[in-house]
Amino acid sequence: MELQRVGAERLKVHPPMEGRASRGTRSRPEPAERSGLGVEGADEPGDAYLADNRLTLDVHPNGAGTLSLLHERRKEEVERVEFLRLNCNEEQIDTALAIVPELRHLKSLVLKGGHFKDEYGVSQRGSLTTLPVAMGHLRDLTHLDLSFNSLVCLPECVTELRGLRALLVCRNLLTALPPAVGKLTRLTFLSLMTNRLRELPATLGDLIKLQRLDASDNQLEALPEELGSLGNCTELDFSGNRLETVPSSIGEPPQLSKQRREE
């Protein structure tokens with residue numbers, strides 16, 4: 001049975017989702033377009049990419065490779081970037097990730113897969129399975145999106161990012177969360193949807209500033225009592241799981257009581 005709460009007092013029950021979209025072979029990216037990097041006639045290498053301390057490279061072919069070239073040719077400007085987006089379906093993503101810890105002013109980092117599709121039109125997971133340990137030193141980072149990748153466990157460095165306010169790890173392959181996730185006490189939004197989570201750590205109850213928690217479409221059979229400590233949380237979504245009840249600290253939804261009477 002699946003539980004969802006929208007608003008401070010309302011929980012909904014939905015039937016479980018059955019089946020998952022099959023994964024196919026990842027399609028290859030289109031040939032890289034010519035960029036401003038070293039192209040004759042361009043004012044400066046990378047002018048087509050660098051703007052207002054933002055690098056939105058996931059919309060450009062070979063964006064991961066472009067980050068490496070930009071860092072080599074315009075290092076000081078790149079290291080002042082505050083917003084960065086990369087495509088984790090690209091082959092050079094590991095090279096690009098090695099540069100990310102040097103971008104000490106980052107506030108928002110998006111490392112998503114799902115950009116490529118196979119011959120059947122199925123979006124493909126990104127190749128991200130871990131992160132550089134040094135990323136834990138990005139003290140200004142408040143928004144991290146690792147969605148649609150191949151993470152089996154949450155990288156340890158993520159739990160060191162104490163300034164995070166939004167963490168998205170939806171559509172990965174997570175089976176559990178480390179207790180250290182409870183150190184992220186500034187989080188207001190946590191998205192865990194569409195993973196393989198069988199349980200949640202009790203330390204989630206330490207996230208007292210959390211306002212939205214989405215753990216829908218997992219394999220949860222029980223919830224920790226400590227979730228009742230999330231007094232600021234106005235949206236809890238546990239739909240698409242295997243729950244038959246919720247802890248008394250959270251409260252029992254009327255829909256669940258009604259179903260029990262009918263049974």
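Arg85 is partly exposed, with 32% of relative accessible area. In this predicted model, Arg85 takes part in a salt bridge with Asp58, and the closest N and O atoms of the two residues are 2.9 Å apart. Arg85 belongs to strand β4, whereas Asp58 sits in the loop between β3 (54-56) and α1 (63-73), so the bridge ties together parts that are 27 residues apart in sequence. The acidic partner, Asp58, has a relative accessible area of 8% and is therefore buried, the limit being 20%.

The whole structure contains seven salt bridges. One of them joins Glu77 to Arg74, with 2.9 Å between the closest N and O atoms. Glu77 is partly exposed at 32% relative accessibility, while Arg74 is buried at 12%.

Another salt bridge is formed by Lys107 and Glu82, whose closest N and O atoms are 3.7 Å apart. This pair links distant parts of the chain, 25 residues apart: Lys107 is in the loop between α3 (93-97) and β5 (108-112), and Glu82 is in the loop between α2 (75-78) and β4. Both residues fall in the partly exposed class, Lys107 with a relative accessibility of 37% and Glu82 with 22%. In addition, salt bridges connect Glu160, Arg162 and Lys183 in a network.

Strand β4, which covers residues 83-87, also includes Asn87. The relative accessibility of Asn87 is 3%, so this residue counts as buried. When residues up to four places away in sequence are left aside, Asn87 touches Asp58, Ile93, Lys112, His115 and Phe116. Asp58, listed among these contacts, is also the salt-bridge partner of Arg85. The side chain of Asn87 further reaches the backbone nitrogen of Asn89, at a distance of 2.8 Å.

Cysteine pairing was examined across the whole structure, and the search finds zero disulfides. Cys88 is buried, with a relative accessibility of 0%. Cys170 is likewise assigned to the buried class, at 11% relative accessibility.

Backbone geometry was considered next. Most residues other than glycine have a negative phi. Phe148 has a positive phi, near 60°, although Phe148 is not a glycine. This residue lies in the loop between β6 (143-145) and β7 (166-168). At 23% relative accessibility, Phe148 is classed as partly exposed because the buried class ends at 20%.

A positive phi is also found at Asp217, another residue other than glycine, where the angle is near 55°. Asp217 is placed in the loop between β9 (212-214) and β10 (235-238). With a relative accessible area of 15%, Asp217 is buried. Phe148 and Asp217 thus each have a positive phi and each lie in a loop between two strands, but Phe148 is partly exposed and Asp217 is buried.

Conventions: Residues are numbered from 1 along each chain as its sequence is written. This is a predicted model: local features need pLDDT of at least 70, side-chain atom pairs count only at pLDDT 80 or more; totals for chains, interfaces and linings use all residues. Side-chain values use heavy atoms; hydrogens and water are left out. Helices (H or I, at least four residues) and strands (E, at least two) are DSSP runs, numbered from the N terminus. Buried means under 20% relative accessible area, exposed over 50%, partly exposed in between (1.4 Å probe, protein chains only). A polar contact is a pair of N or O atoms within 3.5 Å; within protein, one must be able to donate a hydrogen and the other to accept it, and residues adjacent in sequence count only if both atoms are side-chain atoms. Contact means heavy atoms within 4.5 Å. A disulfide is a pair of cysteine sulfur atoms within 2.5 Å. A salt bridge is a side-chain nitrogen of Lys or Arg within 4 Å of a carboxyl oxygen of Asp or Glu.
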